[in-house]
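User: Please take a close look at the ligand surroundings in this model. Walk me through them in one connected answer.

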Amino acid sequence: MIMNLKDKLDKNKIPNHIAIIMDGNGRWAKQRQHDRTFGHESGVISVKDTVEAAVEIGIKYLTLYAFSSENWNRPKSEVDALMSLLVRTINHETKTLNENNIKLQAIGDLQSLEQQTYNELQKAIENTSSNSRMTLILALSYSSKWEITNAVQQIAVKIKNNELKAEEINQDTITSFLNTAAYPDPELLIRTSGEFRVSNFLLWQIAYTELYFTPVLWPDFRKENLYEAILDYQNRERRFGMTSEQLLNF
Ligand code: IPE
Ligand code: IPE
Ligand code: MG
């Protein structure tokens, strides 16, 4: 692997918010003749390495897709193992989050989590709520279509109660009813494991996000892989519908 990518990063162009679809745990384990759970457990090391790298280079928001609404359809044994891993990891890492001044947040249908999972999660969110160096957002039981549907329902209730007029709805209104209302849109979305899809993740929020796909399986993902993705991002021209010439005078 190419080393010292960190030094090549443009410190003035570090993205504010990076979102990651952490994929490939099952295949990584299978390659090693292990069960899928071993892949998920190994993926925790990648999470820790990535969070550490993100904090070090000054990223303010890191959103990790940890469990999708669709993942509930996996075998119960795998779902249980994932939830138990989640609780264990949260309990184990709260101290490190505090030491590193990292605030934990979560998006998704959190009510659908088991009571114990939900309680442990809320506890960690509260215990880290005054941290300010970086916000780590876990997407749990999350799907973008769920989130948008939920926002539409809330907006409809506002209209019914005469708290909002239909013609007053604009893009900011919709943004404000999403789980991510408090966070800026990600500048960069990374997906590991060589799949070229977004799997119901942040559909509204990634309207102008740069997408980066890597064949690296999540349990193999390390700091250097994150730097590599950011370096790629830094070499792109984000035009937002304008021309290159216009950007020069912007
Ligand atoms: C990502 O790895 C973790 C979750 C979706 C929870 P996978 O479990 O999807 O691994 P693959 O894609 O089957 O290899
Ligand atoms: C997406 O991975 C969800 C997470 C990484 C949590 P999946 O492995 O569930 O995605 P698909 O089903 O292959 O698109
Ligand atoms: Mg997968």
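Analyst:
**The ligand surroundings**

The shell around ligand 2 holds 5 nonpolar, 3 polar and 4 charged residues. Here Ala, Val, Leu, Ile, Met, Phe, Trp, Tyr, Cys and Pro count as nonpolar; Asp, Glu, Lys and Arg are charged; the others, Gly among them, are polar. The model is predicted: local features need pLDDT of at least 70, side-chain atom pairs count only at pLDDT 80 or more, and totals for chains, interfaces and linings use all residues. Residues are numbered from 1 along each chain as its sequence is written, chains are lettered from A and ligands numbered from 1 in the order in which they are written, and side-chain values use heavy atoms, with hydrogens and water left out.

Ligand 2 comes before ligand 1 here. Its shell is Ile21, Met22, Asp23, Tyr65, Ala66, Phe67, Ser68, Asn71, Arg74, Arg191, Arg197 and Ser199. Each has a heavy atom within 4 Å of the ligand. Strand E2 (residues 61-68) gives the largest share, 4 residues. Strands (E, at least two residues) and helices (H or I, at least four) are DSSP runs numbered from the N terminus.

Now the polar contacts, pairs of N or O atoms within 3.5 Å. A polar side-chain atom of Ser199 is 2.6 Å from an oxygen of ligand 2. For the side chain of Arg74, an N or O atom is 3.2 Å from a ligand 2 oxygen. For Arg191 the side-chain distance is 3.3 Å, again to an oxygen of ligand 2. On its own, ligand 2 has 390 Å² of accessible area, and the protein covers 78% of it. These areas are Shrake-Rupley values with a 1.4 Å probe.

Ligand 2 sits in the largest pocket. A pocket is an open set of points on a 1 Å grid over the protein atoms alone, where a 1.4 Å probe fits, with protein on both sides within 12 Å along at least five of seven lines. To sit there, a molecule needs more than half of its atoms within 2 Å of the grid points.

Ligand 1 also takes up the largest pocket. Its neighbours include Met22, Asp23, Ala66, Asn71 and Arg74. By class, this shell has 3 nonpolar, 5 polar and 4 charged residues. Helix H2 (25-31) and helix H3 each supply at least two of them. H2 gives the largest share, 3 residues.

The side chain of Arg36 puts a polar atom 2.8 Å from a ligand 1 oxygen. Backbone atoms also take part: a polar one of Asn25 lies 3.1 Å from an oxygen of ligand 1, and an N or O of Gly24 lies 3.3 Å from one. Alone, ligand 1 exposes 380 Å², of which the protein buries 87%.

Notes:
Polar contact = N/O pair within 3.5 Å; in protein donor to acceptor, adjacent residues only side chain to side chain. 1 Å grid on protein atoms, 1.4 Å probe; cavity = no way out; pocket = protein on both sides within 12 Å on 5 of 7 lines; lining within 4 Å.
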